[in-house]
Amino acid sequence: MKKLTFGCLLFCLATVCFGQQQDALCPRHIETPTYPPIARAAFVSGKITLTITIDADGTVKHVEAAADNPDAKMLQKFAAENLRHWTFAKPPSAPYTEVVVYDYEIDPAPPVAGATSITKVTFDLPDRVTIWTNQLPINI
């Protein structure tokens with residue numbers, strides 16, 4: 001009976017330990033991305049999924065873009081370049097891999113005459129960045 005009780009107790013403790021999730025990786029330095037002017041003028045938007053490799057000191061060593069949005073190739077370039085400038089707190093292991101999604105959105109509302117360029121960036125760290133911009137009016 002003691003062995004069965006000890007076994008159940010050990011099993012319960014093990015499931016609690018293994019069920020814990022790893023702490024999220026914490027960025028130390030973030031470069032605020034911009035909406036590429038050429039993409040904005042061409043009304044290009046979309047989600048860009050980037051897989052990054054971080055070394056032991058928190059530096060981004062490699063950025064790879066997933067081929068999930070072939071229409072947004074120009075956005076991939078800008079997102080990858082932005083992410084190369086980030087640094088992170090020391091990861092739990094090295095090399096450490098993290099997936100970051102950049103979501104480029106253009107406001108579908110028609111532009112207002114005399115409007116200026118408005119771009120908003122929100123961060124849901126460490127793995128999501130949303131870049132939102134408005135349409136610019138076309139002067140004829």
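**Fold, core and strand pairing in the predicted chain**

Asp103 lies in strand β5, where strands (E, at least two residues) and helices (H or I, at least four) are DSSP runs numbered from the N terminus. The model is predicted, so that local features need pLDDT of at least 70 and side-chain atom pairs count only at pLDDT 80 or more, whereas totals for chains, interfaces and linings use all residues. Residues are numbered from 1 along each chain as its sequence is written, and side-chain values use heavy atoms, with hydrogens and water left out.

At 9% relative accessibility, Asp103 counts as buried, a class defined by under 20% relative accessible area, with exposed set at over 50% and partly exposed in between (1.4 Å probe, protein chains only). Leaving aside neighbours within four places in sequence, Asp103 is in contact (heavy atoms within 4.5 Å) with Gly46, Lys47, Arg128, Val129, Thr130 and Ile131. Thr130 in β7 stands opposite Asp103, and the two strands concerned, β5 and β7, pair in the parallel sense over 6 bridges, pairing being assigned if DSSP finds at least two bridges between two strands.

The chain as a whole contains 3 helices and 7 strands, which follow one another from the N terminus in the order α-β-α-β-β-α-β-β-β-β. Of its 140 residues, 31% are buried. Among contacts between residues at least 6 apart in sequence, 75% join residues at least 24 apart. The accessible surface, obtained by the Shrake-Rupley method with a 1.4 Å probe, comes to about 9,200 Å², and carbon and sulfur atoms account for 61% of this area.

Two hairpins were identified among the strands. In one, β2 and β3 are linked by 5 intervening residues, and Gly58 in the turn has a positive phi of about 95 degrees; these strands pair in the antiparallel sense over 5 bridges. In the other, 3 residues separate β6 and β7, which are likewise antiparallel and pair over 6 bridges, with Val121 opposite Ile131 in β7.

The largest nonpolar core, meaning a set of buried Ala, Val, Leu, Ile, Met, Phe, Trp, Tyr and Cys residues joined through side-chain atoms within 4.5 Å, has 24 residues, and those with the most contacts inside it are Ile48, Leu50, Ile52, Tyr102 and Tyr104. Two or more residues each are given to this core by β2 (46-54), β3 (60-65), α3 (73-83), β5 (96-106) and β7 (128-133), and β5 gives the most, with 5 residues. Leu50 stands opposite Ala65 in β3. Beyond four places in sequence, Leu50 touches Val63, Glu64, Ala65, Ala79, Ala80, Leu83, Glu98, Val99, Val100 and Tyr102.

In α3, the buried residues are Leu75, Gln76, Ala79, Ala80, Asn82 and Leu83. They lie on the same side of α3, because they cover an arc of only 160 degrees around the axis, the arc being that of the directions from the helix axis to the C-beta atoms. Their cover includes α2 (37-41), β2, β3 and β5, whereas the face turned away from the buried side carries the exposed residues Lys73 and Lys77.

Ala94 is found in the loop between β4 (87-88) and β5 and counts as partly exposed because its relative accessibility is 47%. Not counting residues up to four places away in sequence, Ala94 touches Asp55 and Ala56. The C-alpha atoms of Ala94 and Ala56 are separated by 4.9 Å, although the two residues are 38 apart along the chain.
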